[in-house]
Amino acid sequence: MEVVIVGNGIAGITAAWTIRNRCQKTTVTVISREFESAYSACVLPNYIAGEIERDKVFIKHREDYTRGNIRTVFGEEVTAIDVTRNKVYTTWQSFRYDRLILALGSLPTIPIVEGISLK
């Protein structure tokens, strides 16, 4: 079985490692338009402030994906999905899948609060 996961945030990596832990034979491919492996946005201010090392920002490192036998396609954006042919197309290549997981994140909701746009 071939699983393609679009998105390398917490949902995407959780899906990838859950699949890997349950079935070693499944081919798992994670596609992300970001160039880096999964990181925690919550600790970015600490990194920018010099309070933690860059290495501590990442949830998973490239070596983790390799050790987990998870193929990564970083720095490419998904441009199309053909559900009749079970194919995902990126800027430079295409991937066949049996199962597709879209772990694309979400957009924040900005509450309606007086003065929300003030500095």
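**Salt bridges, a quick note**

1. Glu77 comes out partly exposed, with a relative accessibility of 41%. That value falls between the cut-offs, since buried means under 20% and exposed means over 50%. Keep in mind that this is a predicted model.

2. What does Glu77 pair with? Its side chain meets that of Arg33 in a salt bridge, at 3.7 Å from N to O. This pair ties together distant parts of the chain, with the two positions 44 residues apart in numbering. Arg33 sits in the loop between β2 (27-32) and α2 (44-48), while Glu77 is in the loop between β3 (70-74) and β4 (78-82). On the Arg33 side, the relative accessible area is 59%, so this residue counts as exposed.

3. Next, a pair inside one helix. Arg67 and Asp64 form a salt bridge through their side chains, with an N to O distance of 2.6 Å. Both belong to helix α3 (residues 62-67) and are three residues apart, about one turn of the helix. Is Asp64 buried or exposed? Asp64 is buried, because its relative accessibility is 19% and the cut-off is under 20%. Arg67, at 65%, is exposed.

4. Asp82 and Arg85 make another side-chain salt bridge, this one at 3.5 Å, N to O. Here Asp82 is the buried partner, at 18% relative accessibility, whereas Arg85 is exposed at 60%.

5. How many salt bridges are there by this rule? The count is five, and among them are Arg33 with Glu77, Arg67 with Asp64 and Asp82 with Arg85.

Conventions: Residues numbered from 1 in each chain as written. Predicted model: local features only at pLDDT ≥ 70, side-chain atom pairs only at ≥ 80, totals over all residues. Heavy atoms only, no water. Salt bridge = Lys/Arg side-chain N within 4 Å of Asp/Glu carboxyl O. Helix = DSSP H or I, 4+ residues; strand = E, 2+ residues; numbered from the N terminus. Buried < 20%, exposed > 50% of the residue type's maximum accessible area, 1.4 Å probe, protein only.
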